[in-house]
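Reader: I would love to go through this model with you and ask how its labels are earned. Could you set each one against its definition?

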Amino acid sequence: MVSYLLPLISCVSWSSRLGRELLLRTIAIIACSACIHTANAGSDRASLFTGSIPSSLGQLKSLQRLYLSGSPKLTGSIPSSFGELKSLQRLDLSSISELTGSIPERLGDLQNLEYLDLSGTKLSGSIPPSLGKLASLETLKISGTNVAGRYPDTLGILKKLKLSGTGLTGQIPSSLSRLSKLVKLDISSNSFSGSIPESLGLLSNLSELWASASQLSGRIPDGFAQGLKNLKRLQLSMNNLTGLPTNMANLSSLQVIRLDNNNITSFDAISGLKTLPGLSTISLSGCKLQGSIPSWFGSINLKEHPELTCEIDLSFNSITGALLNSLGRISNLKHLFLQSNKIQGKLPDSFGKTLPKLRYLELRDNFLTGVPKDLSNMGKGTLYHLGLNYNNLSFQALEGLTTLPQVSFLVLDHSQLTGAIPSWFGKIPMAQDAKDVVSDFAVLSLSSNRITGEIPPELGQLTQLTGLYLDDNALTGAIPPSLANLTSLQRLDLARNRLTGKIPVEFLTLKKLNYLNVAHNQLTGAIPSGEPLIDMDPENFAANPGLCGKPLPPCSPKTLALS
């Protein structure tokens, strides 16, 4: 497409001023539309531009914005003639996968350039010192390239600098602290060595710092926390960091801190968290934390911020002991992730009384034994997910579930449950979650336990259920027809039990049912004929010697005799 424009470009000097301006606007519109359509996967318009970027574009003296991003058929290098585009304010060449060569020195002549994005290309070499002359440049992005080396110390007006995935090595340069106007800094996915320099604490305007997966080590120095009064988001996951500054009170604006997958091991090494006044999200998943959660953790004041979720993530550590009662008093808490630890005992009583905004509580893969008898304030009708699977539970210690205001996903599989399912399970307030943009499901899972006895007919009272999983147990008796009252049911799994009798004909009324599995039981008789059962996978009825009829083979006198 660019090649078609070359004759026009070459005639610019012969055109009238009006014609030249019209041509420039046309080229800008075409370039912009290519950027837009490139974002639409599968669109043929993503390949509007082919071949190398013509040096003739350098003749467009009045051009202010040039967007060529995401053009997969562009090749070659950046023309040095781009240095003639004196009016250019924004240049976006990102995601041109075959763009090669180095960053031209002459780009340093673009005195009006405010935005430069070269990310996602095959550019290599170093950042030319001439870019330090760009007195108007506020945003520089070269992530995902092979550009390395020093960046110009004189880029003091920069507000956004993105250098992630560029293969930078050595210490984080202390000269970064000279970028006094910097608001966002992303140096993630590099190969640095050593710790975070104290000098970054001089960036008083910094709002976001991203340095995950950068091989940083050691404890974050105290000086780092002294001057970052505007820092809101600190992302340091997937490093080898060992702790935080002891006093972080100067980080008065900090809302989100993510330290997942570091080598912190001790809660003492992160005690500075208790001095933060306005946190919304604390993420410490996979940090090798050991021992009990300390008492000061329960006094952390989570503050609500627009578009942020009050969240604590301590999952995938080696935390032991019982949960703190004070942890359940963090009244703004919406998401609490404690899965894959070694936590023991019952949930504290406070969890049922003072977590009114709770949406997600994930406790799987621990050694928990039960829940409080009173859960009447947990979630206050907003609880979406309660994960208690892979624990050491008993039905007797779960009766408090009936006092919940509401729950949408209740997961109790692989939790050592024994005996019969109590009839009070039909009183658990399962509700489809209309508030959640992800889904409006209601799911109860009791799979893979050691449950015996019959399926209580009271489960038919859970009319909001869309999924019921009772597979891999030792249930006996007949399938209760009352399950046909679950008119919202989409998935029902009763496989690998010891159920007998016939599949209730009432199941033909379950018009939303798209998955029924009763394989490996002792069911007999003809499968009720009609939708939705007739369209099910035959494997879902297998290993029931007395069962027959579509989708299985037709009933014979022998199979009917078994029933």
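Reader: What makes the residues listed around leucine 273 its contacts?

Author: Happy to start there, with the reminder that this is a predicted model. A contact needs heavy atoms within 4.5 Å. Leaving aside neighbours within four places in sequence, leucine 273 is in contact with Leu244, Met248, Ile257, Leu279, Ile282, Leu284, Trp296 and Ile300, so each of these has a heavy atom within 4.5 Å of leucine 273.

Reader: Why is Leu273 called a member of a nonpolar core, and which residues touch the most other members?

Author: A core of this kind takes buried residues from a set of types that includes Leu, joined through side-chain atoms within 4.5 Å. Leu273 belongs to the largest nonpolar core, which has 150 residues, and together with Leu284 touches the most other members. Therefore Leu273 is also buried, under 20% relative accessible area. Over the whole protein, 53% of the 563 residues count as buried.

Reader: How do you know that strand 22 and strand 24 are paired?

Author: At least two bridges are required. Strand 22 (residues 318–322) and strand 24 (residues 342–346) have 3 bridges, in the parallel sense, so they pass. In this pairing threonine 320 stands opposite lysine 342.

Reader: And what makes strand 26 a partner of strand 24?

Author: The test works here too: strand 26 (residues 367–370) joins strand 24 over 3 bridges, again parallel, and two would have been enough. Glycine 345 stands opposite leucine 368 in strand 26.

Reader: In what order do the strands of that sheet run, and which are called edge strands?

Author: The sheet is open, with 4 strands in the order 20-22-24-26 and parallel pairing. Strand 20 (290–291) and strand 26 are the edges, as each pairs on one side only.

Reader: How do you know that strand 1 pairs with strand 3?

Author: Strand 1 and strand 3 (residues 73–76) run parallel and are joined by 3 bridges, so the minimum of two is met. One partnership puts serine 52 with threonine 75 in strand 3. These strands sit in an open, parallel sheet of 3 strands, ordered 1-3-5. Its edges are strand 1 (50–52) and strand 5 (98–99), each pairing on one side only.

Reader: How many helices and strands does the protein have?

Author: There are 3 helices and 38 strands. Among contacts between residues at least 6 apart in sequence, 58% join residues at least 24 apart.

Definitions and conventions: Residues are numbered from 1 along each chain as its sequence is written. This is a predicted model: local features need pLDDT of at least 70, side-chain atom pairs count only at pLDDT 80 or more; totals for chains, interfaces and linings use all residues. Side-chain values use heavy atoms; hydrogens and water are left out. Buried means under 20% relative accessible area, exposed over 50%, partly exposed in between (1.4 Å probe, protein chains only).
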